[in-house]
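Colleague: I would like a close look at a single part of this model. Please keep the explanation short and plain.

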Amino acid sequence: MRELRPSDNILRRLAETGLHQGGLAAAGSLMWRAVLLGTALYLMLGDDPDANLKLNGVSYIVAVVWSYYDGVFAKRMWSIAFLEAIFLHLAGIQVGNLIAIIFGNPLFGS
């Protein structure tokens with residue numbers, strides 16, 4: 001009989017709740033890319049609100065292209081890449097906002 005590892009128990013309990021290892025890995029990958037996008041957005045943030053609005057649009061386009069070529073769900077399908085990019089972009093904006101709260105926001109002079 002095979003001896004059970006602690007990770008086997010965790011995976012079994014996750015499967016009982018409806019969460020699966022593949023889904024958690026996909027969500028983790030999407031969140032990691034959102035952290036990278038949010039950090040880039042924060043670093044490019046300036047004191048001009050119009051330029052920041054344009055930056056927001058450009059970052060969505062970057063998220064669509066990134067999702068198309070290296071997406072978790074898209075796998076080179078434009079229709080899914082647009083949807084995945086919405087989640088990636090919104091999560092990236094929230095990460096950028098969190099970094100701005102922690103380190104200060106150039107728009108508010110803090």
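How many salt bridges does the structure hold? Please show me what surrounds the residues involved.

Modeller: The structure holds one salt bridge (a side-chain nitrogen of Lys or Arg within 4 Å of a carboxyl oxygen of Asp or Glu). This is a predicted model, where local features need pLDDT of at least 70, side-chain atom pairs need 80 or more, and totals for chains, interfaces and linings use all residues. Residues count from 1 along each chain as its sequence is written, and side-chain values use heavy atoms, without hydrogens or water.

Start with the pair itself. The side chains of Arg 33 and Glu 84 meet in the salt bridge, at 2.4 Å from N to O. Arg 33 lies in helix α2 and Glu 84 in helix α4, so the bridge ties together parts that are 51 residues apart in sequence (a helix is a DSSP run of H or I, at least four residues, numbered from the N terminus). Arg 33 has 3% relative accessibility, so Arg 33 counts as buried (under 20% relative accessible area, 1.4 Å probe, protein chains only). Glu 84 also counts as buried, at 3% relative accessibility.

Now step back to the two helices. Helix α2 covers residues 21–44 and helix α4 covers residues 78–103. They pack at an angle of about 55 degrees, and their axes are 7 Å apart (lines fitted to C-alpha atoms over the stretch in contact, with angles from 0 to 180 degrees between N-to-C directions). That makes α2 and α4 oblique to each other (neither under 35, nor over 145, nor 65 to 115 degrees). The bridge partners both belong to this contact: Arg 33 is on the α2 side, and Glu 84 is on the α4 side (contact means heavy atoms within 4.5 Å). From α2, the contact residues also include Leu 30, Ala 34, Leu 37 and Leu 41. From α4, they also include Phe 87, Leu 88, Ala 91 and Ile 99.

Next comes α3. The axes of α2 and α3 come within 11 Å and cross at roughly 155 degrees. α2 and α3 are therefore roughly antiparallel to each other (over 145 degrees). Arg 33 appears in this contact as well, with Leu 36, Leu 37, Leu 41 and Met 44 of α2. The α3 side is made by Leu 55, Ser 59, Ala 63, Trp 66, Ser 67 and Asp 70.

Finish with Asn 52. Asn 52 lies in α3, which covers residues 49–70. Asn 52 has 13% relative accessibility, so Asn 52 counts as buried. Leaving out residues up to four places away in sequence, Asn 52 touches Leu 45, Gly 46 and Leu 107.

Definitions and conventions:
Buried means under 20% relative accessible area, exposed over 50%, partly exposed in between (1.4 Å probe, protein chains only).
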